[in-house]
Amino acid sequence: MDLKIYNTLSRRIEEFKPLQKGRVGIYSCGPTVYSHPHIGNFRSFLVADLLKRFLEFKGFAVTHIMNITDVGHLTDDADEGADKLEEAAKKQKKDPLEIAKVYTASFLEASKLLNIKPPNKYPKATEHIGDMIDIIKVLVDKGFAYVVGNNVYYDVTKFADYGKLSGNTLDDLNAGARIEINQEKKNPQDFALWKHDPKHLQQWPSPWGKGFPGWHIECSAMSSKYLGAQFDIHTGGEDNIFPHHECEIAQSEAASGKKFVNYWLHTRFLLFDGEKMSKSKGNLYTIQELIEKGFRKNAIRYALISSHYRQNYNFTFDGLNAAQQAIDKIQQCVLTLTELRKNKKQGAIAEPLRHLTSNCLAEFDAALYEDLNISKALAVLFDFIREVNKAGDMNSTAAAEMLDTINKIDSVLGVLDAADEEVPGNIIELAENRKAAKLNKDFKSADALRAQITAEGWLIEDTPGGYRIKRGEESQ
Ligand SMILES: [Zn+2]
């Protein structure tokens, strides 16, 4: 069986064939670091993470690159408005690099909280200006770009395939275009590759004078530098399709003469309580804010990956609570199996159980092979857990096998607490006694048992399904 994914370029589900057997190159448009990234931004990053984890699980060697945009992204995604970083810098009376540093740190922290596997590299736009200039030079030499004063523009009429990703035709775009403000451009849809602006805070020397790069050229330069002129998969949010990715294709294919990317994967927007997320609605929550509200980081991850990437996901606090309960169910099963693994009974795995694990893994794969059908994949996992719970007692060999199956699945989902240290028997005994005390409404004993568990360096947390124990200090 092979992976099938929806390719925005062909507008259909295609069988994934890597350029090189066993290897996959993925480029993901990363954050523009002018503010704290919010949950809406992270949905697309998490889809890239899920895809990458699944490909790695299936044995592919994945090279994943995610850029950090720290210059050139204007408030209007096309070609107008202020540079987002400059605007933030002026507002906060700081240097743009300082702004970039603060919000890059915030992005990396949130990525870590969400258990996103770091890409092989996070290239920064400001560290690749030379690579961008090199491509712009080629585009000018080949006649795809033109120089006006100290500015360089891409002439969209020179690239016959312009519009092939978004489906926009130049005729349609021109008909809907605003009255052209920029008299320098030959066509309204031409976009800047290099911009001259004496007031811009970040400037670099170039063959066309001092200036800064356009946003689109950054991704063309950084992707080809680390993945080659042609690579397998490019990911982003649906808002990146036009103009950003359309322009990336125009630049890269004109410069290299090769097909730029084979598969374009775009994640749909996140809604919050049924509404579009926006600054004015005040619903642009950051990961850190949700954690401060008491939600768990793995519940946020679970919620954000739990629906299909080509559907809008409606993010709600109720949904986060449900995500937490789902994780607790898995964690509780892991806990039970960890105990059963200590069982003295060994020997062969009973046939129904053996069948259960192989079935579960095959169905989990089949679901994700089907254009990352995550809902189906999660349903497979919960069916498995229900069967394991139903099986009850089992020998240690079987328990180890069941546990291994869950861990394999979690290497893709990434929602369980990091391979916790095994909980010692005496702590589990204390926890069980506490559970019994609580059931008997003997809260005094329950509190005393909790104190004993804490004194041993473990934390016990109540969950809808019972409790869970992990290493740690009581946080105040
Ligand atoms: Zn990009």
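## Cores, a sheet and a zinc site

The largest nonpolar core here has 86 residues, and I39, I233, F315 and L337 make the most contacts inside it. By nonpolar core we mean a set of buried Ala, Val, Leu, Ile, Met, Phe, Trp, Tyr and Cys residues joined through side-chain atoms within 4.5 Å. Buried stands for under 20% relative accessible area, exposed for over 50%, and partly exposed for what falls in between (1.4 Å probe, protein chains only). This core lies between domain 1 (4-267) and domain 2 (287-413), because both give residues to it. A second, separate core has 42 residues, among them Y162, F212, F231 and C247.

A word on what you're looking at: this is a predicted model, where local features need pLDDT of at least 70 and side-chain atom pairs count only at pLDDT 80 or more, while totals for chains, interfaces and linings use all residues. Residues are numbered from 1 along each chain as its sequence is written, and side-chain values use heavy atoms, with hydrogens and water left out.

**The overall layout**

Besides those two domains there is domain 3 (425-471); the bounds come from an automatic or database domain assignment. Taken over C-alpha atoms, the centres of domain 1 and domain 3 are 51 Å apart. The C-alpha atoms of the whole chain fill a box of roughly 80 × 50 × 35 Å along the principal axes. Count the secondary structure and you get 15 helices and 15 strands; these are DSSP runs numbered from the N terminus, with helices being H or I of at least four residues and strands E of at least two. Of the 476 residues in the chain, 52% are buried. Among contacts (heavy atoms within 4.5 Å) with a separation of 6 or more, 76% join residues 24 or more positions apart.

Back to L337 in the first core: leaving out residues up to four places away in sequence, L337 touches V388, M394, A399, M402, L403 and I406.

**The sheet and its helices**

Four strands make an open, parallel sheet in the order 4-3-9-10. Two strands pair if DSSP finds at least two bridges between them. Strand 4 (61-66) and strand 10 (261-267) are the edge strands, each with a single partner, so one side of each has no neighbour in the sheet. From one strand to the next, the twist averages 20 degrees. Strand 9 (residues 231-237) and strand 10 are joined by six bridges in the parallel sense. I233 turns up again here, with Y263 in strand 10 as its bridge partner.

Two helices pack on this sheet's strands. Helix 6 (residues 215-227) lies across strand 3, strand 4 and strand 9, at about 160 degrees to strand 3. Helix 7 lies across strand 9 and strand 10, at about 170 degrees to strand 10. For these angles, axes are lines fitted to C-alpha atoms, for helices over the stretch in contact, and values run from 0 to 180 degrees between N-to-C directions.

**The zinc ion**

Which protein atoms hold the zinc ion? The donors are C29 (SG), C219 (SG) and H244 (NE2), lying 2.1 Å from the ion. Donors are N, O and S atoms within 2.8 Å of the metal (3.2 Å for Na, K and Ca), and since water is not among the atoms, the site may look incomplete. Along the sequence the spacing reads C-x189-C-x24-H. C29 sits in the loop between strand 3 (23-28) and helix 1, while H244 belongs to helix 7 (residues 241-256), so the pair links parts of the chain 215 residues apart. C29 is buried at 6% relative accessibility, and H244 is buried at 0%.

**Backbone oddities**

Helix 7 also contains P243, and the peptide bond from F242 to P243 is cis, with omega near 0 degrees. Two residues other than glycine have positive phi, and their settings are set out below.

| Residue | Phi | Loop | Relative accessible area |
|---|---|---|---|
| R11 | near 60 degrees | strand 1 (4-7) to strand 2 (12-15) | 40%, partly exposed |
| L372 | about 55 degrees | helix 11 (351-369) to helix 12 (374-391) | 2%, buried |

**One more residue**

N41 is found in helix 1 (residues 39-57). Is N41 buried or partly exposed? Its relative accessible area is 29%, so N41 counts as partly exposed. N41 and K91 are 50 residues apart in sequence, with 22 Å between their C-alpha atoms.
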